[in-house]
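I opened the file to look up a few local features and then the contact between chains. Notes follow in the order in which I checked things.

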Amino acid sequence: MKQKIKNIFVEGAIPPSKIAASIAHHQEKTKIGAHNIFLGQVRADQIEGKTVSAIEYSAQTEIANQVCHEIREATFSKYDLSCMHIYHSLGKVKAGEICFFVFVSSAHRKPVFDSLAELVNDIKEKLPIFGKEVFEDQSHQWKVNQ
Amino acid sequence: MKIKVRYFGQIKEITGKSDEYLVEQFETVQSLKSFLKKRYPELNALNFKIAQDNKIDEDSSHLHGTLIDLLPPFSGG
């Protein structure tokens, strides 16, 4: 069955309550025995004496959602997962807030351990998302992924 | 054939606009890139990708799309 393409983007920071609600939502799925979660948080980097106060994200959302869909399908065929949820922020996310949420579930721990790192790396590398690091004095620079 | 070119992230800052229409003809993705690098010399310092009609394409590809996106280095997460 072909899954329809999901929109991974949410406006602004991802609230911890959304993450808690997402976990709670899986309690009825009693075939699941293991969850694994990655949370990306905006870091207050110090660069040449200035401190990052927020990251402003933009994206080519159509391509990003399409590529994410392909990554999702490939991961489902490679690992024995029952659930996969991916969210990424658009717009301004302040230092300390969550901008990226990846949640995988399976009957056992191995598939969730193995798939999560690969998913997070693929998404960071292949999705056209652009982060603008805004400093406390409102100047900015463009984020470069390591 | 008119093409719409959209600029993302720091490329939007370099060009000073989010999109524009071009009426010039381009054989390949590379020839469009060269044209834009002449118009916006700061693009020479940047490694960027081009998408045609919502698909990222190689520089050597034939330019066939009517919606072109310039994508600077990805930095999600």
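In which strand of chain A is the place of Asn36(A)? I found Asn36(A) in strand E2, which covers residues 34-41 of chain A. I note here that this is a predicted model.

Entry on Asn36(A). I looked up the accessibility and got 16% relative accessibility for Asn36(A). Buried means under 20%, so Asn36(A) counts as buried. I then listed the residues that Asn36(A) touches, leaving out those up to four places away in sequence. The list reads Val102(A), Phe103(A), Val104(A), Val112(A), Phe113(A) and Leu116(A). For the polar side I checked where the side chain goes: the side chain of Asn36(A) reaches the backbone oxygen of Val112(A) at 3.1 Å. Val112(A) is thus also one of the residues on the contact list of Asn36(A).

Entry on cysteines. I searched the whole structure for disulfides and found zero over all chains. For Cys68(A), the nearest cysteine sulfur is that of Cys99(A), 14 Å away, and Cys68(A) is in no disulfide. I also looked up its burial: Cys68(A) has 1% relative accessibility and counts as buried.

Why does Cys83(A) have no bond to the closest cysteine sulfur? The closest cysteine sulfur is in Cys68(A), and the two sulfurs are 15 Å apart, which is too far for a bond. The cut-off for a disulfide is 2.5 Å between the sulfur atoms. Cys83(A) is buried as well, with a relative accessible area of 8%.

Entry on the interface. I counted the residues in the contact and got 22 from chain A and 17 from chain B. The area buried between chain A and chain B is about 1500 Å², and carbon and sulfur atoms give 56% of that area. In chain A, the residues that lose the most area to chain B are Ile63(A), Phe130(A) and Trp142(A), together 37% of what that side buries.

I next checked polar terms. The rule finds zero salt bridges across the interface of chain A and chain B. Polar contact, by count, joins 13 residue pairs between chain A and chain B, both residues at pLDDT 80 or more.

Which elements of chain A supply at least two residues each to the side that touches chain B? I noted strands E4 (50-59), E6 (98-106), E7 (129-135) and E8 (140-142), with helices H2 (61-78) and H3 (109-126). The largest share, four residues, comes from E7(A). By type, I divided the residues of this side of chain A into 10 nonpolar, six polar and six charged.

Terms used
Residues are numbered from 1 along each chain as its sequence is written. Chains are lettered from A and ligands numbered from 1 in the order in which they are written. This is a predicted model: local features need pLDDT of at least 70, side-chain atom pairs count only at pLDDT 80 or more; totals for chains, interfaces and linings use all residues. Side-chain values use heavy atoms; hydrogens and water are left out. Buried means under 20% relative accessible area, exposed over 50%, partly exposed in between (1.4 Å probe, protein chains only). Contact means heavy atoms within 4.5 Å. Buried area is the accessible area (1.4 Å probe) that two parts lose on being put together, summed over both. A salt bridge is a side-chain nitrogen of Lys or Arg within 4 Å of a carboxyl oxygen of Asp or Glu. A polar contact is a pair of N or O atoms within 3.5 Å; within protein, one must be able to donate a hydrogen and the other to accept it, and residues adjacent in sequence count only if both atoms are side-chain atoms. Ala, Val, Leu, Ile, Met, Phe, Trp, Tyr, Cys and Pro count as nonpolar, Asp, Glu, Lys and Arg as charged, and the others, Gly among them, as polar.
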